[in-house]
Every structure is written in structure tokens, then in C-alpha cells.
Amino acid sequence: MTTTASMVWLIIGCALVTWLPRIIPFMFVRSVKLPDVVLKWLSFIPVCILSALVFENLLDTESKNFVTLDWPVFITFVPTLIIAIVTKSLSITVVAGVVIMAAVRFFM
Amino acid sequence: MTSTTELHAKSTTSSDNSFLQGVKDCVPTLLGYISIGLAFGVVGSASGMSVLEIALLTILVYAGSAQFIFCALLLTSSPASAIIVTIFVVNLRHLLMSLTLAPQFTRYSMLRNVGFGTLLTDETFGVAVTKQMQNGKLYGKWMDGLNITAYSFWILSCVAGAFLGQWVANPEKWGLDFALIAMFVALLVLQLSSVSKNKIVHYLMLIGYMAVSMYGLSYIVPSHVAVLLATIIVATIGVVTDK
């Protein structure tokens with residue numbers, strides 16, 4: 001249970017640069033009326049960012065020359081997507097995804 | 001779309017603005033927090049961080065991917081300035097998320113807004129925008145319930161991971177790392193199911209552009225930068241191609 005002053009400062013530095021992008025829009029949007037085109041742009045952010053986070057995990061960027069599919073993850077992704085579409089349930093999708101992933105890793 | 005009608009009908013119930021409902025809506029994401037948190041605790045210990053340091057990092061930074069990258073950079077003994085700059089870039093996507101949610105909360109005080117922003121994560125963002133799409137409105141108490149539940153479970157899991165590291169040395173073997181991906185998949189599907197029928201083709205097209213951009217950008221920039229750039233590019237395409 002120890003730490004050093006430099007470690008604490010490093011963590012505080014990292015905390016500041018993660019905190020500011022999170023809070024600045026919350027402080028700023030209150031006093032400014034955003035133009036319609038910006039609001040329209042923002043309306044596309046959720047779908048874009050959520051699919052970015054999915055694609056980020058489907059791709060294997062480790063191998064230097066080619067970006068390929070991360071096959072075990074992709075094989076799990078397909079039934080998980082179907083389950084998500086059919087059930088529209090966050091909890092069922094998460095649990096099913098984990099079980100399928102474990103099974104895929106077990107057999108591959 | 002019948003499901004949409006049902007979801008809109010639900011918006012009249014008073015429970016949607018309660019702290020408790022926020023806690024309940026957080027529950028499906030907890031498996032993700034717990035498994036990734038445990039994994040982070042293990043990785044943190046393996047990178048030579050003490051339990052105190054792991055707890056401090058978890059409490060103050062509160063961002064999964066940034067915490068993992070922090071460990072990786074620590075192991076390669078990168079200079080502090082490089083670590084801070086990297087963490088900044090990794091979490092810059094939160095600026096977009098915060099910008100998306102903030103207009104929903106202008107009726108609350110500055111202090112409360114800072115609170116909402118402070119506890120914003122990929123997961124709480126996903127749950128909140130989905131809720132907003134279904135109910136049309138977001139409430140502060142609901143957001144607090146969601147945020148505080150997520151934050152507490154994240155801290156507990158990371159610290160537990162730091163202590164119990166040796167027992168779950170390989171969380172991937174149990175597929176637990178997929179919890180987060182499955183969650184993003186489900187949140188994406190929920191987003192799309194709330195989109196009106198005449199717009200769905202446009203959204204699916206944007207997802208196609210996202211796939212192409214993510215693939216292309218992954219050749220030239222680290223994946224966290226690709227997430228940011230692809231989102232900015234494709235949201236702009238979305239505005240331009242919107243009818």
C-alpha cells in the first residue's frame with residue numbers, strides 16, 4: 001500500500017486530461033445555443049461511436065502489415081448481434097455473448 | 001414499429017426520472033464493469049502498481065481503456081508527459097459524448113452538470129443516449145443513479161482485481177472480455193430500433209462507412225485515434241447526406 005509523489009502527480013495529471021473533455025461541454029452548452037447543424041451532427045454521434053467501439057474490437061491490428069478480422073471475436077460477434085436484434089435486451093445479449101465467447105475460445 | 005410505440009408509451013411513467021430506475025438501468029452493464037475491472041486490477045498488479053495506486057488511478061481517472069494504456073506505458077517506462085498526452089487522446093472521444101448529452105441537462109445547475117460530466121463513460125453514455133431516444137427526455141436523478149452505480153462497481157471491481165489477481169489471472173479464458181463488446185452491440189441495436197423507419201437505411205449506410213473508415217484508419221493510426229476520427233468523419237457524412 002505505497003506510492004510515490006511522482007506517481008500521484010502523474011495520476012492527477014491523467015485525471016485532469018480525462019476530466020476536462022468530459023465536463024467542458026456540460027459547462028459550455030448551458031450558456032450557448034448550439035446551431036441546428038451542430039445538433040444534427042451530434043445526433044449521429046451515438047450510432048457512429050457505438051459502431052466504432054464494436055469495429056475497434058472486431059479488428060486485429062496487432063499483426064503489423066495487415067489489418068485483419070479478429071476471428072474468435074468475429075465468430076462470437078455474429079450470433080451475439082442476432083441475439084441483440086431478436087431480444088433487444090442488454091442483459092441477455094451480454095450474458096449470451098460472454099457464454100458464446102467462452103465456448104469459442106474453448107473449441108478454437 | 002410496435003416496439004417503438006410501446007417504448008414511447010412507457011415514457012409517461014414517473015419511475016423513469018427516479019434514482020432507483022437509473023440504478024436498475026445500469027444493472028445490465030455491470031457484468032462488463034466487473035469483468036473488465038477485475039482484469040484491470042490484475043494487469044495493474046502485474047505492472048508493479050500497488051493496491052493504493054490502482055485505487056487512486058481508478059477513482060481519479062475512471063476510464064477503462066485509459067487505465068490499461070497507463071499500465072502499458074508505465075511498463076515501457078515512458079516519460080510522464082507522453083503518458084498524459086496519450087491518455088488525453090485516448091479519452092478525447094468523451095468530448096463528443098459529453099457534447100451529445102449536455103443539451104439534455106441545461107435545466108440543471110452548473111455543479112450538477114459538472115457531476116454528470118465527471119462520471120461519463122462509454123457505457124453510461126450508451127445507456128443514456130438509448131434512454132433518451134426511447135423516452136425523449138433525460139432526468140438528473142436517473143442519470144445520478146446510473147452514474148453512481150457504474151462508478152461504485154468499477155472501483156470495487158478494480159480494487160478486488162488488484163487483491164485477487166492471482167485467481168483470475170486469465171479472465172479472457174471465460175469470455176468475460178466480450179461482455180463489453182456485447183454491450184456495445186446491444187446498445188447499437190437498441191439505438192437503431194428507436195430510429196424511425198424512413199431513416200434506418202441512412203443509419204445503416206453510416207455504419208457501413210464506419211466499418212470502412214475504421215478498417216482504413218487502423219492502418220495509419222492507433223485504434224483509439226481511429227475511433228475518434230472515424231466518428232467525426234462519418235457524423236459529418238451523416239449531416240451532408242441527410243435528406
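Analyst: In this predicted model, a helix is a DSSP run of H or I with at least four residues, and a strand is a run of E with at least two.

User: Which of these elements each supply at least two residues of the lining of the largest pocket?

Analyst: From chain A they are α2 (36-58) and β1 (59-60). From chain B they are α2 (19-46), α4 (64-75), α6 (93-101), α8 (122-135), α10 (178-193) and α12 (223-241). The largest share, 5 residues, comes from α2(B).

User: What makes this space a pocket, and how much of it is there?

Analyst: A cavity is a set of points from which the probe cannot get out, whereas a pocket is an open set with protein on both sides. The space in the largest pocket is about 1,300 Å³. Among its 43 lining residues, A:Glu56, A:Asn57, B:Ser65, B:Phe68 and B:Ser223 are the closest to its centre.

User: How does the lining divide into nonpolar, polar and charged residues?

Analyst: The lining holds 20 nonpolar, 12 polar and 11 charged residues. Gly is counted among the polar residues in this division.

User: Why is B:His224 called buried?

Analyst: Buried means under 20% relative accessible area. B:His224 has 18%, and therefore counts as buried. This residue is in helix α12 of chain B.

User: How do you know that B:His224 touches A:Glu56?

Analyst: Contact means heavy atoms within 4.5 Å. With residues up to four places away in sequence left out, B:His224 touches A:Glu56, B:Ile69, B:Val89 and B:Val90. A:Glu56 is also one of the residues closest to the centre of the largest pocket.

User: Why is A:Leu81 called partly exposed?

Analyst: The partly exposed class lies between the 20% and 50% limits. The relative accessible area of A:Leu81 is 27%, so the residue falls in that class. A:Leu81 is found in helix α3 (residues 71-87) of chain A. Residues up to four places away in sequence apart, A:Leu81 touches B:Val185 and B:Val189.

User: How far apart are the C-alpha atoms of A:Leu81 and A:Gly97?

Analyst: They are separated by 8.9 Å, the two residues being 16 residues apart along the chain.

User: What makes B:Ile34 partly exposed?

Analyst: B:Ile34 has a relative accessible area of 32%, which places it between the 20% and 50% limits. This residue is in helix α2 of chain B. Residues up to four places away in sequence aside, B:Ile34 touches B:Phe153 and B:Ser157. The C-alpha atom of B:Ile34 is 26 Å from that of B:Ala226, 192 residues apart along the chain.

User: How do you know that the span of helix α1 of chain A agrees with its 24 residues?

Analyst: The expected span is 1.5 Å times one less than the number of residues. For α1 (residues 5-28) this gives 34 Å, and the end C-alpha atoms are 33 Å apart, so the values agree. The helix also bends by about 30° at A:Leu20, and a proline, A:Pro21, follows within four residues.

User: What is phi of A:Lys88 near, and why is this residue called partly exposed?

Analyst: Phi of A:Lys88 is near 50°, a positive value in a residue other than glycine. A:Lys88 is in the loop between α3 and α4 (90-107) of chain A. Its 36% relative accessibility lies between 20% and 50%, and so A:Lys88 counts as partly exposed.

User: Is B:Tyr62 buried or exposed, and what is its phi near?

Analyst: B:Tyr62 is buried, because its 3% relative accessibility is under 20%. Phi of B:Tyr62 is near 50°, again a positive value in a residue other than glycine. B:Tyr62 is in the loop between α3 (51-61) and α4 of chain B.

Conventions:
Residues numbered from 1 in each chain as written. Chains lettered and ligands numbered in written order. Predicted model: local features only at pLDDT ≥ 70, side-chain atom pairs only at ≥ 80, totals over all residues. Heavy atoms only, no water. Bend = angle between axes of the 7 residues up to and from the residue. 1 Å grid on protein atoms, 1.4 Å probe; cavity = no way out; pocket = protein on both sides within 12 Å on 5 of 7 lines; lining within 4 Å. Points joined across faces, edges and corners; volume = space filled by probe spheres on them. Buried < 20%, exposed > 50% of the residue type's maximum accessible area, 1.4 Å probe, protein only.
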